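Please open the structure in your viewer and keep the sequence panel visible. The stops below can be selected one after another.

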Amino acid sequence: MHACGHDGHTAMLRGAAKYLSKHHDSFYGTVQFIFQPAEENLEGAIAMMNDNLFERFPVDAIYGIHNVPEQLGTFSIRPGPLMAASDRWYVTFRGTGDHGGAGAHLATDVTVLQAQFIMALQTIVSRNVNAVDTAVITVGAIQGGSFVSANVMSSEIRIGGAARSLTASVRDLIERRINELADNLANAFGCTAHVEYSREGIPLVNHDEQTKRAIKVAEEVVGSTNVNKNRKSLMGGEDFAFMLLKRPGAFIFMGINDETVFNKLHSPDYNFNDDAIPFGVAYWISLVQQELNN
């Protein structure tokens, strides 16, 4: 279960489509309603564009929305980088292994090597990335050895994790440093390293003009004091970013929590707050009417 509120997003856009289809005289032009699938694995936007989305359904600008666990009746956005590039990395260390008692001194120990590597990873963000930039490197999986034979030193161990960044230069730096640390540490321990770095998403970068439009619309819906116009960037990934490479646009967040409903995205307890739907519908309707007002 992805638990991210896509049912709520669908309901909001369908509500706006139903209203606008019955009130053609409230705007001038053509509106394309895009119900993008497979955001969970960052593949839906690319698949739609590979199917000639914008050639079949041309648009001059594109907008997106996503709920966040913030106060109901609020919106938040920022120009420029709003969400992060989403990368995966995997490192496999190979040594000789041996008996953990009688032969420990004869082994090239990949277990100690991986421990040193994990600690060294922490220096990439703290010492290599500029302090004014943002990056995240997380270790999410370690595989090696067997609890059935815990006295045997494994000859191979695999580590995997995630990397997030907001700029191309930081992304390049992270990939380069993971490779350098893995190779150099493996060499120091008499082992070998194999690194796989997979770039799976790109930073979501809002365009200035469309961001201003989105802010104006949100202010009309909930009032200026309830719109955060320069929110902090989030280190989550979003494949709407690929669409923003093809067309100018903006992506905005909408709060859904209140005194009775507290949601955390991607939680087994997540339940989209239906009271948020009217805010989303109103945002889409007002956006169309402002964007296509003459």
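Leaving aside residues up to four places away in sequence, which residues does Gln 290 touch? Select Gln 290 and show its surroundings: with those sequence neighbours left out, Gln 290 is in contact with Arg 213, Lys 216, Val 217 and Glu 220. The model is a predicted one.

**Stop 1: Gln 290**

Keep Gln 290 selected and colour helix α8, residues 277-291, in which Gln 290 sits. Gln 290 is buried because its relative accessibility is 9%, and the cut-off for buried is under 20%. Now show the side chain of Glu 220 as well: a polar contact of 2.9 Å runs between the side chains of Glu 220 and Gln 290.

**Stop 2: α6 against α8**

Select helix α6, residues 208-222, together with α8. How far apart are the axes of α6 and α8, and at what angle do they pack? The axes are 9 Å apart, and the packing angle is about 130 degrees. At that angle α6 counts as oblique to α8. The crossing of α6 over α8 is right-handed.

Display the side chains at this contact. On the α6 side they belong to Arg 213, Ala 214, Lys 216, Val 217, Ala 218, Glu 220, Val 221 and Val 222. On the α8 side the residues are Phe 279, Ala 282, Tyr 283, Ser 286, Leu 287, Gln 290 and Glu 291. The residue from the previous stop, Gln 290, is thus one of the α8 residues in this contact.

Stay here and select Arg 213 and Glu 291. These two form a salt bridge, with 3.5 Å between the closest N and O atoms. The pair connects distant parts of the chain, since Arg 213 is in helix α6 and Glu 291 is in helix α8, 78 residues apart. Arg 213 is partly exposed, with a relative accessible area of 25%; Glu 291 is also partly exposed, at 29%.

**Stop 3: α1 against α8**

Keep α8 and add helix α1, residues 6-22. The axes of α1 and α8 come within 8 Å and cross at roughly 50 degrees. That angle makes α1 oblique to α8. The crossing of α1 and α8 is right-handed.

For the residues that meet here, select Ala 11, Met 12, Leu 13, Gly 15, Ala 16, Tyr 19 and Leu 20 in α1. Their counterparts in α8 are Ile 277, Gly 280, Val 281, Trp 284, Ile 285, Val 288 and Gln 289.

**Stop 4: salt bridges around α5**

How many salt bridges does a search of the whole structure find? The search returns ten. To see one of them, select Arg 199 and Glu 175, whose side chains meet in a salt bridge of 2.8 Å, N to O. This pair links distant parts of the chain: Arg 199 belongs to strand β9 (residues 192-199) and Glu 175 to helix α5 (residues 168-188), 24 residues apart. Arg 199 counts as partly exposed at 40% relative accessibility, and Glu 175 counts as partly exposed at 24%. Add Asp 172 to the selection, and a salt-bridge network linking Asp 172, Glu 175 and Arg 199 is in view.

Move along α5 to Glu 180 and Arg 177. Their side chains meet in a salt bridge of 2.6 Å, N to O. Glu 180 and Arg 177 are separated by about one helical turn, because they are three residues apart in helix α5. Are the two partners buried or partly exposed? Glu 180 is partly exposed, at 27% relative accessibility, whereas Arg 177 is buried, at 17%.

**Stop 5: Met 49**

Select helix α2, residues 44-50, and pick out Met 49 within this helix. Met 49 has 16% relative accessibility and so counts as buried. Beyond residues up to four places away in sequence, Met 49 touches Phe 54, Phe 242, Met 243 and Lys 246. For a distance check, pick Lys 18: the C-alpha atoms of Met 49 and Lys 18 are 25 Å apart, and the two residues are 31 apart in sequence.

**Stop 6: two loop residues with positive phi**

Select Ala 38, in the loop between α1 and α2. Ala 38 is not a glycine, yet its phi is positive, at about 60 degrees. With 30% relative accessibility, Ala 38 counts as partly exposed.

Finish at Asn 52, in the loop between α2 and α3 (53-56). Asn 52 is not a glycine either, and its phi is positive at about 65 degrees. Asn 52 counts as partly exposed, at 40% relative accessibility.

Notes. Residues are numbered from 1 along each chain as its sequence is written. This is a predicted model: local features need pLDDT of at least 70, side-chain atom pairs count only at pLDDT 80 or more; totals for chains, interfaces and linings use all residues. Side-chain values use heavy atoms; hydrogens and water are left out. Helices (H or I, at least four residues) and strands (E, at least two) are DSSP runs, numbered from the N terminus. Buried means under 20% relative accessible area, exposed over 50%, partly exposed in between (1.4 Å probe, protein chains only). A polar contact is a pair of N or O atoms within 3.5 Å; within protein, one must be able to donate a hydrogen and the other to accept it, and residues adjacent in sequence count only if both atoms are side-chain atoms. Contact means heavy atoms within 4.5 Å. A salt bridge is a side-chain nitrogen of Lys or Arg within 4 Å of a carboxyl oxygen of Asp or Glu. Axes are lines fitted to C-alpha atoms, for helices over the stretch in contact, and angles run from 0 to 180 degrees between N-to-C directions. Angles under 35 degrees count as roughly parallel, over 145 as roughly antiparallel, 65 to 115 as roughly perpendicular and the rest as oblique. A crossing is left-handed if the near helix is turned anticlockwise from the far one by less than a right angle, and right-handed if clockwise.
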